[in-house]
Amino acid sequence: MRTADKVIISTAITGSVNIPSQSDYLPLSADQVVAASLEAVEAGSAIIHLHARHPDGRPAFEPEVFEQIIPRILEQTDAVINISTGGASSMTMDERLAAAVRFSPELASLNMGSMNFVYSGIADKITNWKFDWEKQYVLNTYSNPFVNSFDKIEYTLRELGEKRGTRFEYECYDIGHLYTLAYFVEKGLAKPPFLIQGVFGILGGIGADHENLTHMVAIADKLFGDDYSFSAFAAGRNQMQFGTHSAWLGGHVRVGLEDNLWIGKGELATSNAQQVTKIRAMVEDLGKEIATPDDARRMLALKGVDKVTL
Ligand code: KMH
Ligand code: ZN
C-alpha cells in the first residue's frame, strides 16, 4: 500500500441504497445534496462521492439532475467530485454512466464485480412509508443481482478512463474483486496509482469482520505493491470502525449517509458533516493529518478540476 502522508476523507452524500422512509436527514433534492456536500467539505472532506435523486428520493441518472448539483458545489469549494457509476440496480449501464460521461469528473466509482447486493431487509423495519416506490425498490434486491460483468467494467474503463482521463474509486466488495482489478491492470486498461475502496458488510459481499480488511490489504499488497492507495468503509453501524482501521493501516476513509444513517447506537446522524467531524477527530487522534482536496489530487494523480466539463 502507498502509505498515506495525509488521510483523505471521502463523503458519500446520499447514494441509492438507503430510502427516505429510514431517515428525515437523507438528502434528496438537488438543494439538499448541494448543502450537504458544502457542509461535508467545510468539515474536512476532500472528496464528494455523488449520486442524485428526484425530489421524492427515487435514484436519478439524468445529467440534468446532476447539472443542478455539480457546478454549484464546484463554484463554492475546491472539492474533488467523484460521480457514481454504480447508480442504482434499477438502471441500465448507459444510464449509470450518463452523468460521468457528461461531466468527465476527476474521479468516478467503478464496481469490480457482479454480486448479490441485498437490502430488502429494510422493508421489515419500516412501518410508515413516505413514498410509493420505496417498498418494491428494496424488495427487488432479493431477486435482482448487481451486474458488473467484465464487459461493463471494460466499457467504463475505456469510456471514462481512456477517453476522458477520469480515475477510479475501485469498489471492491470481496477479495476476488482485487483479482479482477489485477486482470484489467494486466490488460493495460487500469492505470496506477489505484484507489481501492474496500466495501464491507453488504449482504452478498464480504462481511464487516476486521480480519477481512487485514486480508484484503495483504492480498492487495501482493498484487499491487505500492501502486495503490487504500480506503475502506463498512455499511451501517460499523462504518466508523472500518474507516479508523483503514487510517491506522495507512489508508483513507469514507463516511456519509449513503452507507450509514447513524452517528451512534440508536441515534440517527443529522448530517453528513456530523459523520465527517466524527471520523476526522478519530483520525487526528491517531496522530494523522487530514488531506485537503489538492492533497488528494496529488496523492491520487488526478487530472485537475479545470479538466472537468462544467
Ligand atoms: N453504497 C456503496 C455500498 C457506487 O456508487 O458505485 C456502493 C457504491 C456504488 O457506492
Ligand atoms: Zn455510491
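## A tour from helix α4 to the zinc site

Just after helix α4, S104 adopts a positive phi of about 45°. This residue is the starting point of the tour; please note that the model is a predicted one.

**Helix α4.** Select residues 93–103, which form α4. Which residues of this helix are buried? They are M93, R96, L97, A98, A99, A100 and F103. Next, display the elements against which these buried residues pack: α2 (63–67), α3 (70–76), β5 (80–83), β6 and α7 (150–164).

**The barrel.** Two of the elements just displayed, β5 and β6, lead to the next stop. Select the strands in the order β1-β2-β5-β6-β7-β8-β9-β10; these eight form a closed barrel with parallel pairing. From one strand to the next, the twist averages 25°. On the sheet packs helix α1, residues 30–43, which touches β1 (9–12) and β2 (47–50). The direction of α1 makes about 155° with that of β2.

**Strands β6 and β7.** Now restrict the view to residues 107–111, which are strand β6, and residues 167–172, which are strand β7. Five bridges join this pair in the parallel sense. Which residue of β7 stands opposite N111? It is E171. Keep N111 displayed, for this residue appears again at ligand 1.

**The zinc ion.** Select ligand 2, the zinc ion. Which residues coordinate this ion? H49 and H51 each do so through NE2, and E258 through OE, at 2.0 to 2.1 Å. Along the chain, the donors follow the spacing H-x1-H-x206-E. The pair H51 and E258 links distant parts of the chain, 207 residues apart. H51 is found in the loop between β2 and β3 (52–53), whereas E258 belongs to the loop between β10 (252–255) and β11 (262–264). Both H51 and E258 are buried.

**Ligand 1.** Finally, select ligand 1 and the 15 residues around it. Those that come nearest are H51, S84, S109, N111 and E258; H51 and E258 are already familiar as residues that coordinate the zinc ion. Three contacts of ligand 1 may then be inspected:

- An N or O atom in the side chain of H49 is 3.1 Å from an oxygen atom of ligand 1.
- An oxygen atom of ligand 1 lies 2.8 Å from a polar side-chain atom of N111.
- A nitrogen atom of ligand 1 lies 2.9 Å from a polar side-chain atom of D259.

The tour closes with H49 in view, a residue that coordinates the zinc ion and also has a side-chain atom 3.1 Å from an oxygen atom of ligand 1.

Methods: Residues are numbered from 1 along each chain as its sequence is written. Chains are lettered from A and ligands numbered from 1 in the order in which they are written. This is a predicted model: local features need pLDDT of at least 70, side-chain atom pairs count only at pLDDT 80 or more; totals for chains, interfaces and linings use all residues. Side-chain values use heavy atoms; hydrogens and water are left out. Two strands pair if DSSP finds at least two bridges between them. Helices (H or I, at least four residues) and strands (E, at least two) are DSSP runs, numbered from the N terminus. Axes are lines fitted to C-alpha atoms, for helices over the stretch in contact, and angles run from 0 to 180 degrees between N-to-C directions. Contact means heavy atoms within 4.5 Å. Donors are N, O and S atoms within 2.8 Å of the metal (3.2 Å for Na, K and Ca); water is not among the atoms, so sites may look incomplete. Buried means under 20% relative accessible area, exposed over 50%, partly exposed in between (1.4 Å probe, protein chains only). A residue is near a molecule or strand if one of its heavy atoms lies within 4 Å of it. A polar contact is a pair of N or O atoms within 3.5 Å; within protein, one must be able to donate a hydrogen and the other to accept it, and residues adjacent in sequence count only if both atoms are side-chain atoms.
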